[in-house]
Amino acid sequence: MLPSEPTRILLIDDHHLFNDGLKSLLDEQPGLHVCGQVFNPAEALPAIQRTSPHLILLDANLQGTNGIDLARTILSSFALVRILMLTMYNQPKLVEEARRAGLHGYLLKDATTAELMRGIRAVLEGGTYFDPNLTPQAPPASSTFDDDFARRLNLTFREVEIIRLIRQGLNNEQIAEHLHVSYETVKTHRKNIHFKLGISKITDLIQFAIRHGL
């Protein structure tokens, strides 16, 4: 059963426009109340202590922090809270990791409002909800998110995403607009990418992306 009091929902997502838009949408739904917004993963645990949410909507990638790792930390300290991951990543490996970590649901950010509400209610009623549009196939051996690959190159989800966008021909301003982050944030990510990969030329980065199927 859903709680008789308004359901308190905490949003953890570093995309300010998306976070604010989601708050507006949820606050219009009967029986739901956004009790807090977190944009920096370091503020997540204090916000949970302060607001005591019933449900957390959590992004998979937060300023270079793995959202699934953050979810594990949250669940180890707040066993009663429900967590629904809301992300743009339709990656079988991530879905599998989310299940293993004990998350209660996984929804894509392009889900409809009706789909989001179905997921929220299923999770609040004690069940789980995984987006029906998730890719069912097992990832290939060379998957970007293969544990070995990630460990060796130490790339975050956001950095991989930026590499993909660079391969598509987007410049820093276009990437910033696409990801709803600042131009300086993109520059910092690109600097980190070049450092981690030992690459100085954009042509070499594009060849890396092609070689790894990004």
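These questions and answers cover the sheet and several single residues of a predicted model.

User: In what order do the six strands of the open sheet run?

Analyst: The sheet is open and holds six strands. Their pairing is parallel. Strands of a sheet pair through backbone hydrogen bonds, in either the parallel or the antiparallel sense. Here the order is 2-1-3-6-7-8.

User: Which are the edge strands?

Analyst: An edge strand pairs on one side only. Two strands fit that description. They are strand 2 (32-38) and strand 8 (129-130).

User: Which residue of strand 3 is the bridge partner of Leu11?

Analyst: Strand 1 covers residues 7-12 and pairs with strand 3 in the parallel sense. Four bridges make up that pairing. For Leu11, the partner in strand 3 is Leu57.

User: What angle does the direction of helix 1 make with that of strand 2?

Analyst: Helix 1 spans residues 16-27 and packs on the sheet. The strands it touches are strand 1, strand 2, strand 3 and strand 6 (82-87). Its direction and that of strand 2 make an angle of about 165°.

User: How many residues of strand 6 are buried?

Analyst: Side chains in a regular strand alternate between the two faces of the sheet. In strand 6, one side carries Arg82, Leu84 and Leu86, and these are buried. The other side carries Ile83, Met85 and Thr87, also buried. Both faces are covered, and the count is six of six.

User: Which residue in strand 6 does Leu55 stand opposite?

Analyst: Strand 3 and strand 6 run parallel. Four bridges join them. Opposite Leu55, in strand 6, stands Arg82.

User: And in strand 7, what is the bridge partner of Leu86?

Analyst: Strand 7 takes in residues 105-108 and runs parallel to strand 6. Four bridges join these two strands. The partner of Leu86 in strand 7 is Leu107.

User: Is Asp59 buried or exposed?

Analyst: Asp59 sits in the loop between strand 3 (55-58) and strand 4 (61-62). Leaving out residues up to four places away in sequence, it touches Ile12, Asp13, Asp14, Gly67, Met85, Leu86, Thr87 and Lys109. Its relative accessible area is 4%, and the cut-off is under 20%, so Asp59 is buried.

User: What feature does UniProt place at Asp59?

Analyst: The annotation comes from an unreviewed UniProt entry. It marks Asp59 as a modified residue. The name in the record is 4-aspartylphosphate.

User: How far away is the nearest side chain of opposite charge to Arg190?

Analyst: Arg190 lies in helix 9 (residues 183-197). Beyond its neighbours within four places in sequence, it is in contact with Ile162, Ile166, Asn172 and Ile202. Arg190 is buried yet has no salt bridge. The nearest side chain of opposite charge belongs to Glu173, at 11 Å.

User: What is the phi of Ser52?

Analyst: Ser52 is in the loop between helix 2 (44-51) and strand 3. Its relative accessible area is 39%, which makes it partly exposed. Ser52 is not a glycine, yet its phi is positive, at about 45°.

User: What distance separates the C-alpha atoms of Glu5 and Leu32?

Analyst: Glu5 belongs to the segment before strand 1. It counts as partly exposed, at 39% relative accessibility. Glu5 and Leu32 are 27 residues apart along the chain. Their C-alpha atoms are separated by 8.9 Å.

Note on methods: Residues are numbered from 1 along each chain as its sequence is written. This is a predicted model: local features need pLDDT of at least 70, side-chain atom pairs count only at pLDDT 80 or more; totals for chains, interfaces and linings use all residues. Side-chain values use heavy atoms; hydrogens and water are left out. Buried means under 20% relative accessible area, exposed over 50%, partly exposed in between (1.4 Å probe, protein chains only). Lys and Arg count as positive and Asp and Glu as negative; His and the chain ends are not counted. A salt bridge is a side-chain nitrogen of Lys or Arg within 4 Å of a carboxyl oxygen of Asp or Glu. Contact means heavy atoms within 4.5 Å. UniProt positions are given in the numbering used here, feature names are shortened, and annotations may be inferred rather than shown by experiment. Two strands pair if DSSP finds at least two bridges between them. Axes are lines fitted to C-alpha atoms, for helices over the stretch in contact, and angles run from 0 to 180 degrees between N-to-C directions.
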